[in-house]
Amino acid sequence: MARGPATRKSSAKPGSGVRRRVRAPRGRPRMALALAGGGPFGAIYEIGALMALQESMDGVDLNDLDVYVGVSAGSFLAAALANGFHVAEIYGIFIEGEKEEGALTPEVFMRPAFREYFQRARSVPSILMRSLWQYVRQPLSRGALESFATLGRAIPTGIFDNDTIHRKLQAVFTQAGRTDDFRKLKRRLYLVATDLDSGESVSFGRPGHDHVPISQAVQASAALPGLFPPVEIDGRSFVDGALKKTLHASEALDDGAKLVICVNPLVPYDAGLAAEKGRGRHRRLVEGGLPVVLSQTFRAIIHSRMAVGISKYRSQYRDADVVLFEPDADDSEIFFTNIFSYSTRAALCEHAYDRTRRDLLRRRHELEPLLARHGVRLRIDVLQDASRRIGLKPGPRQKELPAMWRLPTAAAELRDTLVELRRWLAAKDRAPA
């Protein structure tokens with residue numbers, strides 16, 4: 001969480017459009033939602049977190065915010081919320097896919113990019129002949145590896161077909177009451193992608209980029225290099241928006257948002273802390289092999305970059321508040337879930353829902369005065385109700401779980417608090433006076 005200044009940037013990058021101030025309904029501060037990426041895992045985690053936030057915060061309607069910012073996987077959810085989809089409907093589309101019309105089932109994301117394969121395969125004969133000719137002409141000055149390096153051009157730029165994602169979302173957003181046009185939305189929506197040829201971030205939804213269909217902007221923002229081919233828009237190639245920044249919350253702050261709620265699903269794992277709390281699978285992550293090492297590396301890079309960005313908000317946006325929700329560093333269940341996994345999506349979503357509720361309750365003394373400045377109140381009674389589950393909201397006649405059933409959870413939370421307190425005291429003792 002960070003507080004910072006709403007110093008407005010007076011100039012915009014070429015082609016990015018002018019920054020427009022958003023007007024909130026009278027009597028309410030401007031609010032925004034910024035959602036980071038993280039593959040299918042990230043979207044599923046964010047759905048659970050959003051369901052917990054929606055039911056626990058009075059004064060926040062996730063369908064009636066002033067600005068929505070989405071990056072990569074977060075672009076799916078930001079676009080849906082700005083289009084009027086309730087978070088419960090999004091849960092049905094992503095998690096209970098087979099039951100909902102327009103569902104984004106695993107097959108939508110994992111269809112092979114046959115067109116890309118075919119186009120690259122067609123180029124192989126000409127590239128191979130050119131490479132052979134170069135090797136024959138200069139066999140000594142140009143080795144075989146150097147001569148045939150150009151064959152790399154024939155390697156497909158993505159494994160899966162993201163045109164399917166575009167078409168599926170286009171069908172959903174063109175239904176009655178929805179829109180695939182940024183300019184027709186009642187709320188501001190910014191979906192961030194990266195221009196592959198310049199390395200610059202582009203915010204679809206800004207003037208100059210608001211003519212692009214929302215469904216295609218989502219496709220571009222989520223085009224993770226290597227997994228999906230770049231998306232061509234107006235003669236330019238675009239890839240995943242997280243290549244430059246993780247959250248892009250400044251898109252909302254520059255529009256005058258006073259409270260920005262951020263959800264980031266990817267955090268580096270603290271194996272030592274997890275072991276102290278009796279949760280860890282590996283005391284040393286190298287024991288998990290290459291996939292675990294790469295996962296930790298990727299998460300560390302993404303998270304450190306986001307931390308730097310949020311720290312800058314403290315000096316750049318002093319009259320605004322940024323509240324961040326993310327998994328705990330010792331959450332082994334989150335870390336050891338494959339970010340491209342769909343099979344456990346219901347359990348993962350429930351886990352995110354439960355952990356976000358715990359996070360709200362644990363931080364309530366810190367969050368309550370901050371949120372109160374924006375007319376938002378935490379529903380402590382909802383957060384303290386241990387019987388709540390996604391899709392199982394107790395009615396007025398339902399009884400709360402017996403106290404003894406809640407003892408194991410309470411004991412675990414007390415143990416975790418003591419471990420964190422001990423680590424904090426040790427760090428304080430090591431710090432210079």
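A residue is called buried when its relative accessible area is under 20%. With that cut-off in hand, a good place to start in this predicted model is helix α2, which covers residues 73–82. Of its 10 residues, 10 are buried, so the helix is largely enclosed by the rest of the structure. The buried residues of α2 are A73, G74, S75, F76, L77, A78, A79, A80, L81 and A82. Just after the helix comes G84, whose phi is positive, at about 95 degrees.

What covers such a helix? Part of the picture comes from helix α1, residues 39–56, which packs against α2. Two packed helices are described by the angle between their axes and the distance between the axes. For α1 and α2 the angle is about 40 degrees and the axes are 7 Å apart. Because angles from 35 to 65 degrees fall outside the parallel and perpendicular classes, α1 counts as oblique to α2. On the α1 side the residues that meet the partner helix are G39, A43, E46, I47 and L50, and on the α2 side they are A73, G74, L77 and L81. An α-helix has 3.6 residues a turn, so residues three or four places apart point the same way. This is a handy rule to keep in mind while looking at the two lists.

A single residue of α2 can be followed further. Which residues does A79 contact, once its neighbours within four places in sequence are left aside? The contacts of A79 are F173, L189, L191, I214 and V218. A79 lies in helix α2 and has a relative accessibility of 0%, which means that it counts as buried. Its C-alpha is 9.5 Å from that of A217, although the two residues are 138 places apart in sequence.

The next element is strand β9, residues 259–263, where 5 of the 5 residues are buried. L259, I261 and V263 point one way from the strand, while V260 and C262 point the other way. Both groups are buried. β9 has strand partners as well. Strand β2, residues 31–35, runs parallel to β9 and is joined to it by 5 bridges; within this pairing, A32 has V260 as its bridge partner. Strand β10, residues 320–325, also pairs with β9 in the parallel sense, over 5 bridges. Here C262 stands opposite L324 of β10.

The loop residue A249 links up with this part of the model. A249 is found between β8 (236–240) and α10 (250–253), and because its relative accessibility is 0%, it counts as buried. Not counting residues up to four places away in sequence, A249 touches A34, V260, C262 and Y313; two of these, V260 and C262, belong to the strand β9 just described. The C-alpha atoms of A249 and A32 are separated by 8.7 Å, with their positions 217 residues apart along the chain.

Another loop, between α7 (144–147) and α8 (163–173), holds N162. N162 is buried, with a relative accessible area of 4%. Beyond its neighbours within four places in sequence, N162 is in contact with Q219, A223, F228, P229 and V231.

F228 appears again among the aromatic residues. The structure holds 8 aromatic pairs, and one of them joins F160 to F228 in a tilted arrangement, with 6.3 Å from centre to centre and 55 degrees between the planes. F160 lies in the loop between α7 and α8, and F228 in the loop between α9 (214–221) and β7 (231–233), so the pair ties together parts that are 68 residues apart in sequence. Both rings belong to buried residues: F160 has a relative accessible area of 18%, and F228 has a relative accessibility of 7%. F335 and F336 form an edge-to-face pair, with centres 5.0 Å apart and planes at 85 degrees. F335 and F336 are both buried, and together with Y269 they form one aromatic cluster.

Rings also meet charges in this model. The charged end of R206 sits over the ring of Y190, 3.8 Å from the ring centre. In a second case, the charged end of R299 sits over the ring of F41, at 5.6 Å from its centre.

How values were computed
Residues numbered from 1 in each chain as written. Predicted model: local features only at pLDDT ≥ 70, side-chain atom pairs only at ≥ 80, totals over all residues. Heavy atoms only, no water. Helix = DSSP H or I, 4+ residues; strand = E, 2+ residues; numbered from the N terminus. Buried < 20%, exposed > 50% of the residue type's maximum accessible area, 1.4 Å probe, protein only. Contact = heavy atoms within 4.5 Å. Pairing = 2+ DSSP bridges. Phe/Tyr/Trp six-rings, centres within 6.5 Å; stacked < 30°, edge-to-face > 60°. Lys NZ or Arg CZ within 6 Å of the ring centre and 35° of its normal. Axes fitted to C-alpha atoms, helices over the stretch in contact; angles between N-to-C directions. Parallel < 35°, antiparallel > 145°, perpendicular 65-115°, else oblique.
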